[in-house]
Amino acid sequence: MEELIQTVFQDFYPNKSILAYTIIDIGLINSTYKIKTADADYILQKINQTVFPNIKALLNNKIKTTRYLNANGFFTLTFIENTKGQFYSEQYQAIWQLSTYIPSLVLDRIHSDAVASQVGAYLAKFHTALLNFPVSELEYTIPDFHNTIKRFHDFRESIKVASAERLLEAKESIAFLESNFKNIQDVANDINSGKIPLRVVHNDTKIGNMLFDKDNNILCMIDFDTIMPGSIFHDIGDALRTGTNTATEEEKDLSKVSFDIEIYEAFMKAYVNVASSFMSEKEAQNIHLSLPLILFEQACRFLGDYLNNDRYYATTYEDQNLVRAKTQIKLMDSVQSYLKTKKQFSITTRH
Ligand code: GN1
Ligand code: MG
């Protein structure tokens, strides 16, 4: 392993030697290493080419958007070129990327209203910073990534091929998804038809993809693998999916999974406060559906993968994808009960 990391790193910095490296195992898709050298630290990442077969598109999107943000004074990741002037290295039949390490902390959920407000405002500023970036310059690294309708149909297909044991284990979760599709169907169709506008969005805004300083101030978002045209609802929903859960998506004890209303309201207020300057009427009217939409979609993905015998997400034990699906379903159920009783935010768009 050490030799492998050294060889790859030398494609970028032939004259630097690695003092130490550690594996960062929080993502479910790529393999990530933190590298220490005498004068600086780096993040080396091996891209999962099964999930991202179109590496050229992925690199195009990441490099263009991070450069654009940096050029406009919006602090973000910086990718490093190798000695051939490429932003990646091909070694050991894999594609590797190197970026500068940002000293920071990673949280798995939001613990206070103050952090919720910060994350909400940050996300709206991130969207604002990309408003003038031409959507047409981005490619679809994973087609239909947040096409919730298709995710639901794929989940239904997985029911047909699942083993009898797994079907039985997943019975209640399957029934929940079947009967709740109607609640998110309209907003999902409005996204697909373009009634809700396509913008440049991150598409993987779980709290674990945000870096904080020691005082819990957000520094930047990481993991630009899925930056693509999409809806702001995808980013809002994914940040809230992880941010408002009192447990993590991995929690086996469902009694610990509940919806933190205060975190939700603080986040939304701060997001809307910044984003009302650009949101369309249709976005303003439907923003409250962001969270149930993404919870539903994520539950379809986890449960579908469970029924497909865990082909997509990394797992370390049997039934892990079922556990993940159940946390999403429990949270969606609570969110829907809350939304029924709650008067929606009244948002005046300012343009
Ligand atoms: C994956 O890239 P990573 O591991 O942060 C997934 C997301 C899911 C998330 C669930 C490319 O995120 O869409 O929301 O797992 N990324 C991809 O934890 O499928
Ligand atoms: Mg990701």
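Here is a conversation about a predicted model, asking what lies behind the words used to describe it.

Reader: How do you know that the chain has domains, and which residues belong to each?

Author: The domain assignment of the chain gives domain 1 (2-101) and domain 2 (113-341). Their C-alpha centres lie 26 Å apart. The contact between them takes 19 residues from domain 1 and 19 residues from domain 2. On the side of domain 1 that touches domain 2, there are 10 nonpolar, 7 polar and 2 charged residues.

Reader: Why is ligand 1 said to lie between domain 1 and domain 2?

Author: Both domains give residues to the shell around ligand 1, so the ligand lies between them. The shell includes Gly 27, Leu 28, Ile 29 and Val 51, along with Asp 204, Lys 206, Asn 209 and Gln 298. Set those numbers against the bounds 2-101 and 113-341, and you can see the split for yourself.

Reader: What makes up the shell around ligand 1 by class?

Author: There are 3 nonpolar, 4 polar and 5 charged residues. Asp 223, Asp 225 and Glu 249 are among the residues around the ligand, and Asp and Glu count as charged. Gly 27 is there too, and Gly counts as polar.

Reader: Why is Leu 307 called buried or exposed?

Author: Let's count. Leu 307 has 26 other C-beta atoms within 10 Å. The cut-off for buried is 20 or more, so Leu 307 is buried. Its place is in helix α10. Leaving out residues up to four places away in sequence, Leu 307 touches Ser 158, Ile 159, Ala 162, Arg 166 and Ala 170. Its C-alpha atom is also separated by 7.2 Å from that of Ser 163, although these two are 144 residues apart along the chain.

Reader: What makes Glu 281 buried or exposed?

Author: The same kind of count helps here. Glu 281 has 9 C-beta neighbours inside 10 Å. Exposed means 12 or fewer, so Glu 281 counts as exposed. Glu 281 lies in helix α9 (residues 281-286). In sequence, Glu 281 and Thr 348 are 67 residues apart, with 8.3 Å from C-alpha to C-alpha.

Reader: How do you know which label fits Tyr 13?

Author: Tyr 13 has 17 other C-beta atoms within 10 Å. Buried needs 20 or more and exposed needs 12 or fewer, so Tyr 13 is partly exposed. You can find Tyr 13 in the loop between α1 (2-12) and β1 (20-24). Tyr 13 and Ala 284 are 271 residues apart in sequence and 48 Å apart in space, C-alpha to C-alpha.

Reader: What is notable about phi in Gln 93?

Author: Phi of Gln 93 is positive, at about 55°, although this residue is not a glycine. Gln 93 sits in the loop between β4 (89-91) and β5 (94-100). With 6 C-beta neighbours inside 10 Å, Gln 93 counts as exposed.

Reader: And where is Asn 309, and what is its phi?

Author: Asn 309 is in the loop between α10 and α11 (320-341). Its phi is near 65°, a positive value in a residue other than glycine. Asn 309 has 13 C-beta neighbours inside 10 Å. The limit for exposed is 12 or fewer, so Asn 309 counts as partly exposed.

Reader: Why is Gly 73 buried or exposed?

Author: Gly 73 has 7 C-beta neighbours inside 10 Å, so this residue counts as exposed. Look for Gly 73 in the loop between α2 (55-71) and β4. The C-alpha atoms of Gly 73 and Ala 129 are separated by 9.3 Å, and the two are 56 residues apart along the chain.

Reader: What makes a group of residues a nonpolar core?

Author: The members are buried residues of certain kinds, joined through C-beta atoms within 7 Å. The largest such core has 67 residues, and Val 119, Phe 267, Tyr 271, Ala 299 and Leu 303 touch the most other members. Helix α10 (residues 290-307) gives the most to this core, with 11 residues. A second, separate core has 12 residues, including Tyr 33, Ile 35, Leu 59 and Trp 96.

Reader: Which residues does Leu 303 contact?

Author: Leaving aside neighbours within four places in sequence, Leu 303 is in contact with Phe 155, Ala 170, Ser 173, Ile 174, Leu 177 and Ala 325.

Technical notes. Residues numbered from 1 in each chain as written. Chains lettered and ligands numbered in written order. Predicted model: local features only at pLDDT ≥ 70, side-chain atom pairs only at ≥ 80, totals over all residues. Near = placed C-beta within 6 Å. Domains from an automatic or database assignment. Helix = DSSP H or I, 4+ residues; strand = E, 2+ residues; numbered from the N terminus. Contact = placed C-beta atoms within 7 Å.
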